[in-house]
Every structure is written in structure tokens, then in C-alpha cells.
Amino acid sequence: MTKLSVNINKIATLRNARGGNLPDVLQVAQDIERFGADGITVHPRPDERHIRYRDVYDLKPVVKTEFNIEGYPSKDFLKMVLEVKPQQCTLVPDPPDAITSSTGWDTIQHQSQLREVISALHQAGIRVSIFLNPEVRLVEAAKTAGADRIELYTGPYAEEYTKARTQPQNLQLFNDYKNTAKEAAAIGLGINAGHDLNLENLRFFKLHIEHLAEVSIGHALIADALYYGLENTIQLYKRQLQD
Ligand SMILES: CC(=O)[C@@H](O)[C@H](O)COP(=O)(O)O
Ligand SMILES: NCC(=O)COP(=O)(O)O
């Protein structure tokens, strides 16, 4: 079974809209775990428009499942991750003003930066995943840089799935995902995936990508919770991830 890590950025977006503490991000994280999620993901951004650095410190003692912190490895981000020591850190090549993540690392071009950062995270006992486009040529360099896992950037998959939902297996793009995952598994990298996964496109991805260890899902899951409630929604997503 593939693990579900729930990204709670959008809970913080709602809280920040009024300046108070409703909804309480720490309480929601604990409830999400109680409702069956296997992990909590946060992606603090430099402008702190949703998850704040303070939230990340406060979440650490509260999260009892897997804590996954995502972000660009700036000096401030790395300091925080090394102090908080989550189980997993996912490195994402976002510029500071990114609205959301929109591409993975060029692991060849950024090899020495990644190597240095991953080594520092490993010394603190943190597993490292790197956000990657579905390109086989980038996989080996991810391994050489020291990554433990890759996180397949599923934004383009989600977009194509919506356009061609009747026969998604025919998409060239989907073969790229399959081949990238195959190559990663062959050289001993774990496989995560995330971005724009939802109740419509998740099952197909799970069924066709072998060795999928974990998905992190936020935007669509929190939106679905408006209709189905958080507990039901988490169960609906978990059902899509069964073997
Ligand atoms: C790396 C990734 O795909 C997610 O972290 C996603 O970008 C969520 O970030 P936002 O909630 O800021 O859109
Ligand atoms: N790593 C992906 C993530 O945490 C959530 O992305 P999204 O579901 O908010 O698009």
C-alpha cells in the first residue's frame, strides 16, 4: 500500500486569512493523523503566506506519523530543517516568488549543490527526496547526488489526465513517468509522487507506477474535505492507494 502524506499548507492559508488561530494547524494535523493519514507534509515558502517557519517547529513534537518538510534549500530553510529534524525532507527547486511548484530539479546541472545539501541532511539523520520531472536521464544523477528517493512531479500528469481521461495509458507522458520510476527502482531509489493529484487521477497513477512508496496531497484533498469532511476524504484517498 502506498502511504498518504497530507499537505496542510491550505489549512494555514485559511488560518492566515483572519490573523487568528482558526483553524488550528496543530490540531488539524493531529486529527488528520487520527483519521488515517500516514504522514504530514508542509511546504513553507519564503513569504510565509501559508505554513510559517514557526508552525514547522511547533508541528515537530505533535506529528506522530512521518513529518515531511518540502522546500528550496535556502540558508534559512536548511537551518530550520536541520533543527527540526523531520523524518523526510523533499528538496524542490522553487524560486522564492513561486506561486506553486512547477518543475523538478535538473540533477545534472545542480549536482554539486544537491550533493552538499543532501550530505548535510543525512548527517542529521534525515531522509532526502528530490522533486523530479519524469525524465529518465535525471535519475542516475539524483542517485549520485545522494538522494534516497525521488518525488515525481505529477503536475503535467494531472493536466494530461484531465484532457485524455478515457485512455491515459496511451499518453507519451505517462510512459515517461513509468520509465522514470522503473529506472529509479532499478538503482535503489524510493519513489514518491505529488502535485495536483486528486480523487480522479490518483488510482490510475497508483495502478501503473510500480513501487510507489508515498504520495503527498494537499490542494485537492483539502478542497474535497469541504464537501465530504476531512475524515471521509482521507479514507477516500487512502482507498485509491490500496494495492
Ligand atoms: C512540491 C509540491 O508540489 C508541493 O509542495 C506543492 O507545490 C504545494 O505547495 P503550495 O501549497 O505552496 O502550492
Ligand atoms: N509534494 C506535493 C504536495 O505536497 C502537495 O501538492 P498539491 O496536492 O497541493 O498539489
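Visitor: Is H50, with 22 C-beta neighbours inside 10 Å, buried or exposed?
Guide: A residue is buried if 20 or more other C-beta atoms, placed from the backbone, lie within 10 Å of its own, exposed if 12 or fewer, and partly exposed in between. H50 has 22 such neighbours, so it counts as buried.

Visitor: Good start! What kind of model is this?
Guide: Residues are numbered from 1 along each chain as its sequence is written, while chains are lettered from A and ligands numbered from 1 in the order in which they are written. Local features need pLDDT of at least 70, side-chain atom pairs count only at pLDDT 80 or more, and totals for chains, interfaces and linings use all residues, the model being predicted.

Visitor: Which residues is H50 in contact with, leaving aside its neighbours within four places in sequence?
Guide: H50 is in the loop between β2 (39–42) and α3 (53–59); helices (H or I, at least four residues) and strands (E, at least two) are DSSP runs, numbered from the N terminus. Contact requires C-beta atoms, placed from the backbone, within 7 Å of each other. By that rule, H50 is in contact with N9, K10, A12, T13 and N16.

Visitor: UniProt lists R45, H50 and T100 for "binding site". Where in the chain is T100 found?
Guide: That listing comes from an unreviewed entry; such positions use the numbering here, feature names are shortened, and annotations may be inferred rather than shown by experiment. The listed residues span 56 residues in sequence, yet no two of their C-alpha atoms are more than 11.6 Å apart, so they gather at one spot. T100 is partly exposed, with 13 other C-beta atoms within 10 Å. Its place is the loop between β4 (88–91) and α5 (111–123).

Visitor: How many polar residues does the shell around ligand 1 have?
Guide: Being near a molecule takes a C-beta atom, placed from the backbone, within 6 Å of it, and the residues around ligand 1 include R45, T100, H43, E70 and H195. Ala, Val, Leu, Ile, Met, Phe, Trp, Tyr, Cys and Pro count as nonpolar, Asp, Glu, Lys and Arg as charged, and the others, Gly among them, as polar. Beside 2 nonpolar and 2 charged residues, the polar count is 8.

Visitor: Which elements give two or more residues to the shell around ligand 2?
Guide: There, 14 residues surround the ligand, the closest being N7, G194, S216, G218 and H219. The elements giving two or more are β8 (212–217) and α10 (219–228).

Visitor: On to the "active site" annotation in UniProt: which residues does it cover?
Guide: Among those covered, H43 lies in the loop between β2 and α3, and H195 in the loop between β7 (190–194) and α9 (202–208). The annotated residues span 153 residues in sequence, but no two of their C-alpha atoms are more than 12.1 Å apart, so they gather at one spot. This annotation, again from an unreviewed entry, covers H43, E70 and H195.

Visitor: And which residue in β5 stands opposite T90?
Guide: T90 belongs to strand β4 and is buried, with 26 other C-beta atoms within 10 Å. β4 and β5 pair in the parallel sense over 4 bridges, where pairing takes at least two DSSP bridges between the strands. The residue opposite T90 is S129.

Technical notes: Two residues are in contact if their C-beta atoms, placed from the backbone, lie within 7 Å.
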